[in-house]
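Me: I'm new to reading protein structures. Could you walk me through this one, a feature at a time?

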Amino acid sequence: MRYLGNKENLLEKIYQVMQLKKIQGNSFFDFFAGTTSVSKFFKKLNYQIYSSDLMYFSYVLQRAYISNNQELNFEKLLKKLNFQSTSLFASPIHIVVEYLNQIEPVEGFISQNYTPFGTSELEIPRMYYSDENGKIIDAIRQKIELWKIEDLINENEYFVLLACLIETVPFYANISGVYAAFQKIWDPRAVKKMILRPVEFVVNNKENFTYYKNSTELLNEVEADIFYLDPPYNQRQYAPNYHLLETIAKYDNPKIKGVAGLRDYQNQKSKFCNATTAIQELNDIAKKGKFKSLILSYNTEGIMQQEDIISTLEKYGEVELVEFEYLRFKSNSNGQSNTKKFIHEQLYILKKYA
Ligand SMILES: C[S@@+](CC[C@H](N)C(=O)[O-])C[C@H]1O[C@@H](n2cnc3c(N)ncnc32)[C@H](O)[C@@H]1O
């Protein structure tokens with residue numbers, strides 16, 4: 001998924017550095033899970049995973065990829081649907097997704113608030129999704145909820161289907177990168193009819209744990225050999241920039257406001273978006289965290305200063321800094337334009353004193 005700070009393209013590099021620096025262990029805490037790309041990678045390497053994020057849509061992805069640990073068969077639902085797939089060899093999830101791709105679009109919170117159809121009375125009608133795709137999103141979201149209420153799917157199946165929706169909707173959003181603003185002209189991607197995509201199952205032989213929490217609240221609870229920290233690195237909060245993914249995941253009819261139709265995010269503000277509180281949080285994590293090694297992903301454009309990070313971490317163990325160049329996608333503060341730019345990615349490594 002396209003997401004600010006997604007580490008998907010850096011995973012091999014991070015792992016190489018870990019091997020070089022002899023960071024070993026069996027358990028891994030992905031403290032700022034986001035898209036779960038890091039958790040997935042280390043789950044596939046058979047680490048026991050703990051992951052957490054302030055955003056509920058991230059929790060949906062965590063439940064689907066990290067705590068679910070089997071290929072699901074949607075037995076009860078498929079028996080009830082009695083739906084014939086067009087493909088002879090379709091797996092259960094492919095059959096369910098195919099079914100969802102042919103249900104009737106309906107009106108609902110997304111089409112009523114984020115498409116021109118539903119917002120024509122506003123001074124600037126919202127153009128996040130085409131009229132058709134807004135109704136398709138509503139239909140699929142409502143159907144998944146209904147199946148859960150009718151007990152036709154279990155919890156894992158519920159979160160896996162929600163994850164299919166969360167992974168699919170960004171491909172059809174009329175935005176440039178983030179949801180803080182919509183584009184005023186339709187992007188060709190956004191006017192194509194949405195087709196739901198199945199997600200992959202990631203299986204290892206460990207029990208893995210996922211949380212929808214401010215991760216610093218887990219410092220007493222979670223113990224892992226490796227803590228991996230990939231916090232926000234500037235003032236921009238994630239919640240307003242991904243508000244629509246949050247609303248599709250929660251589907252809770254929130255009060256919304258402004259041109260962009262933002263939901264309230266008072267409880268989802270990160271202290272890592274302010275230089276002073278970020279250093280205080282980092283200090284707390286390094287001090288109280290139950291880990292052997294801590295890896296902090298950061299970069300030279302971040303609001304915490306290199307000397308402050310090092311002097312904070314040094315209080316608790318041996319610190320090393322590894323830097324490499326990386327081509328990063330950047331979008332401006334209102335999400336209207338984006339550019340690509342080389343910046344220095346940094347990995348701060350703390351090996352805690354025993
Ligand atoms: C740079 S992104 C992480 C990207 C992730 N590594 C990936 O590859 O997708 C930072 C994430 O931290 C989350 N976040 C910020 N402060 C947090 C906190 N105190 N506790 C939990 N999550 C937090 C944000 O919601 C966001 O998803």
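Me: How many Å should the 19 residues of α7 span, and how far apart are its end C-alpha atoms?

Reply: Happy to help, and keep in mind that this is a predicted model. To check a helix, take 1.5 Å a residue and compare the expected span with the distance between its ends. For α7 the expected span is 27 Å, and the end C-alpha atoms are 27 Å apart, so the two agree.

Me: Which residues of α7 are buried?

Reply: Here a residue is called buried when its relative accessible area is under 20%. In α7 the buried ones are Asn133, Gly134, Ile136, Ile137, Asp138, Ala139, Ile140, Arg141, Ile144 and Trp147. Their cover includes α4, α5, α6 (109-114), α8 and α10 (243-250).

Me: Is tryptophan 147 buried or exposed?

Reply: Tryptophan 147, which sits in helix α7, counts as buried because its relative accessible area is 3%. Leaving out neighbours within four places in sequence, its contacts are Leu77, Leu81, Val96, Tyr99, Leu100, Leu152, Ile153 and Leu161.

Me: Which residues of helix α5 are buried?

Reply: Helix α5 covers residues 92-100, and its buried residues are Ile93, Ile95, Val96, Val97, Tyr99 and Leu100. Among the elements covering them are α4 (75-81), α7 (131-149) and α8 (155-168).

Me: What follows α7?

Reply: Look at the backbone angles there. Aspartate 151 comes after α7, and its phi is positive, near 60°.

Me: Now the ligand. How many residues surround the ligand, and which are the closest?

Reply: To read a binding site, list the surrounding residues, then look at their classes and polar atoms. The ligand has 23 residues around it, and Tyr3, Thr35, Asp53, Asp230 and Ser270 are the closest. By class, this shell holds 11 nonpolar, eight polar and four charged residues.

Me: Where do polar side-chain atoms lie relative to the ligand?

Reply: One polar side-chain atom of tyrosine 3 is 2.7 Å from an oxygen atom of the ligand. An N or O atom in the side chain of aspartate 53 is also 2.7 Å from a ligand oxygen. For asparagine 214, a polar side-chain atom lies 3.1 Å from a nitrogen atom of the ligand. On its own the ligand has 600 Å² of accessible area, and the protein covers 99% of that.

Me: One last case: is asparagine 299 buried or exposed?

Reply: Again, go by the relative accessible area. Asparagine 299 belongs to strand β7 (residues 293-299), and its value of 2% is why it counts as buried. A polar atom of its side chain lies 2.7 Å from the backbone nitrogen of glutamate 301.

Definitions and conventions
Residues are numbered from 1 along each chain as its sequence is written. This is a predicted model: local features need pLDDT of at least 70, side-chain atom pairs count only at pLDDT 80 or more; totals for chains, interfaces and linings use all residues. Side-chain values use heavy atoms; hydrogens and water are left out. A residue is near a molecule or strand if one of its heavy atoms lies within 4 Å of it. A polar contact is a pair of N or O atoms within 3.5 Å; within protein, one must be able to donate a hydrogen and the other to accept it, and residues adjacent in sequence count only if both atoms are side-chain atoms. Accessible areas come from the Shrake-Rupley method with a 1.4 Å probe; for residues, only the protein chains shown count as cover. Ala, Val, Leu, Ile, Met, Phe, Trp, Tyr, Cys and Pro count as nonpolar, Asp, Glu, Lys and Arg as charged, and the others, Gly among them, as polar. Buried means under 20% relative accessible area, exposed over 50%, partly exposed in between (1.4 Å probe, protein chains only). Helices (H or I, at least four residues) and strands (E, at least two) are DSSP runs, numbered from the N terminus. Contact means heavy atoms within 4.5 Å. The expected span of a helix is 1.5 Å times one less than its number of residues.
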